[in-house]
Amino acid sequence: MPNYLTLFKFKYWLQMDSSNLILSFSISLFIIIMNESIVPTLGCFDRIIIFGDSISDTGNMYLLTGKPNTGIGALPYGETYFHNPTGRFSDGRLIVDFVAQQFGLPFLPPSVGGKTQEYFQKGVNFAVGGAAALNNSEFNIISGLNITTQDNSLWVQLQSFKNLLPTIAQGSDAATVMSTSLVFVGEIGGNDYNRGLTTLVPLEKVQTWTPYVISAIGSAVNDLINLGATTLVVPGNFPIGCAPVYLKLYQTNKSEDYDPQTGCINRLNDFSVYHNNLLQQELDKQRQLHQNAKIIYADYYGALLSVYQNATKLGIQSPLFACCGAQDSKYHYSFNHGCGDKQSSVCADPLKSISWDGVHLTEASYHTIADGIMDGPYTDPPLSKLC
């Protein structure tokens, strides 16, 4: 395995942009200026279209909440690459940013930010922080909870895309536009489970929601292929038992509850594996239905778990601690004081951390996952071989 930090630093400095924009610029303008420096490497797709949650959100939640100057709208979010907050839930770039760069495409603009064909010409991002796979009404029925927040679910994102497709395809056949696009469906589903796990709904009950979550993802894949999509990437969920938020919430004194190699909580990681296994079974069904489409499973779980398993070799000293979080709190995470609060602090070098804010990952971690799906072994085939 290559040295995680050395490899990342080389790429980081190679791709570092000299622009230094201020937060008052609009996100769309910021994206346009930043992308002038991208050097194309692959060119087999005209655009990327993505659906998902905060793992992939490049600014939708920021725009939907009125461009706040706190949380993701303020430093230290965005400090590593952009040197300013961009509405991303990280210190820098996300997986989809690295994938776009590898395919010679600009960073994906948030769908909320534009209405013209020119804005969406090279891709569009419908992912919204906090989004679930299930719409609110269906989730409330199966869970018994009462979610009343704005519905930004996968179903809602798909409807928004269908409404925008005539604009994106203006002057072209919609099916042709879809066939020349790389479509990411997820990562999605984590927030369906977060709604239960963070309120201490028993894991056994949360697990009964999984078939419904998987069905929603499969339905979206089917709809997109019927619209003309021919190449789709569908990522699985992360090993949530390694996340500081859950290490803090579900901590026990029983050593058998933890993986002796990583320190992650076994039963939570087993739950992620359960979700991912059902997802792969659903994708097999979709492949049988659509034999002319490429439906690629992206193993985000394996890509990230390998970093935890090799943390010492990779120079990561505190793999289970958030880089940005509450001072003096276990796992550097607090439910009351998030990243950016006055009571929080930022680690000296995010390149040596896996988790950024206890829930989301650092740019370094996202870069490693992106490399694993672009070049293998965490997709089959590797995305770089699609060209």
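What follows is a conversation about a predicted model, in which a colleague asks for the reasoning behind its structural labels.

Colleague: Let's start with cysteine 242 and cysteine 264. What makes this pair a disulfide?

Modeller: The sulfur atoms of cysteine 242 and cysteine 264 are 2.0 Å apart, and the cut-off is within 2.5 Å, so the pair counts as a disulfide. A search of the whole structure finds four disulfides.

Colleague: Which parts of the chain does the pair of cysteine 242 and cysteine 264 tie together?

Modeller: Cysteine 242 is in the loop between strand S4 (231–235) and helix H12 (244–249), while cysteine 264 is in the loop between H12 and helix H13 (266–289), so the pair ties together parts 22 residues apart in sequence. The link is right-handed, with 105 degrees about the S-S bond. Both cysteine 242 and cysteine 264 are buried.

Colleague: Why is the disulfide of cysteine 323 and cysteine 347 called left-handed?

Modeller: Look at the sign of the torsion about its S-S bond: the value is about -85 degrees, so this disulfide is left-handed. The sulfur atoms of cysteine 323 and cysteine 347 are 2.0 Å apart. Cysteine 323 lies in the loop between helix H14 (300–309) and strand S6 (324–326), and cysteine 347 in the loop between strand S7 (344–346) and helix H15 (363–374), so parts 24 residues apart in sequence are tied together.

Colleague: How do you know whether cysteine 347 is buried, exposed or partly exposed?

Modeller: Cysteine 347 has a relative accessible area of 22%. Buried would need under 20% and exposed over 50%, so cysteine 347 is partly exposed. Its partner, cysteine 323, has 0% relative accessibility and therefore counts as buried.

Colleague: And what is the handedness of the disulfide between cysteine 324 and cysteine 339?

Modeller: The torsion about that S-S bond is about 95 degrees, so the disulfide is right-handed. Cysteine 324 lies in strand S6 and cysteine 339 in the loop between S6 and S7, so the pair ties together parts that are 15 residues apart in sequence. Both cysteine 324 and cysteine 339 are buried. If you number the bonded cysteines of the protein chain in sequence order, the pairing reads 1-8, 2-3, 4-7, 5-6.

Colleague: Turning to helix H4, why is it described as largely enclosed by the rest of the structure?

Modeller: Helix H4 covers residues 95–102, and seven of its eight residues are buried, so the description fits. Those buried residues are Ile95, Val96, Asp97, Phe98, Val99, Ala100 and Gln101. Glycine 104 follows H4 and has a positive phi, near 70 degrees.

Colleague: Which residues touch the most other members of the largest nonpolar core?

Modeller: Ile95, Phe161, Phe184, Val185 and Leu224 do, in a core of 109 residues. Helix H11 (residues 210–226) gives the largest share of this core, eight residues. For a view of one member, valine 185 touches residues including Phe51, Leu154, Ile217 and Leu232, leaving aside those up to four places away in sequence.

Colleague: What makes phenylalanine 51 and phenylalanine 161 an edge-to-face pair?

Modeller: Their ring centres are 5.6 Å apart and their planes are at 90 degrees. Pairing needs centres within 6.5 Å, and edge-to-face needs planes over 60 degrees apart, so the pair is edge-to-face. Phenylalanine 51 is in strand S1 (residues 47–51) and phenylalanine 161 in helix H7 (residues 154–168), so the pair ties together parts 110 residues apart in sequence. Phenylalanine 51 and phenylalanine 161 are buried. Ring pairs also link Phe51, Phe126 and Phe161 into a cluster.

Colleague: How do you know how to class the rings of tyrosine 81 and phenylalanine 107?

Modeller: With centres 6.2 Å apart and planes at 80 degrees, the pair is edge-to-face. Both tyrosine 81 and phenylalanine 107 are buried.

Colleague: Why do you say that the charged end of arginine 93 sits over the ring of tyrosine 81?

Modeller: That charged end is 3.8 Å from the ring centre of tyrosine 81. The distance limit is within 6 Å, and the charge must also be within 35 degrees of the ring normal. The charged end of arginine 88 likewise sits over the ring of phenylalanine 107, 5.6 Å from its centre.

Technical notes:
Residues are numbered from 1 along each chain as its sequence is written. This is a predicted model: local features need pLDDT of at least 70, side-chain atom pairs count only at pLDDT 80 or more; totals for chains, interfaces and linings use all residues. Side-chain values use heavy atoms; hydrogens and water are left out. Helices (H or I, at least four residues) and strands (E, at least two) are DSSP runs, numbered from the N terminus. Buried means under 20% relative accessible area, exposed over 50%, partly exposed in between (1.4 Å probe, protein chains only). A nonpolar core is a set of buried Ala, Val, Leu, Ile, Met, Phe, Trp, Tyr and Cys residues joined through side-chain atoms within 4.5 Å. Contact means heavy atoms within 4.5 Å. Rings of Phe, Tyr and Trp (its six-membered ring) pair if their centres lie within 6.5 Å; planes under 30 degrees apart count as stacked, over 60 as edge-to-face and the rest as tilted.
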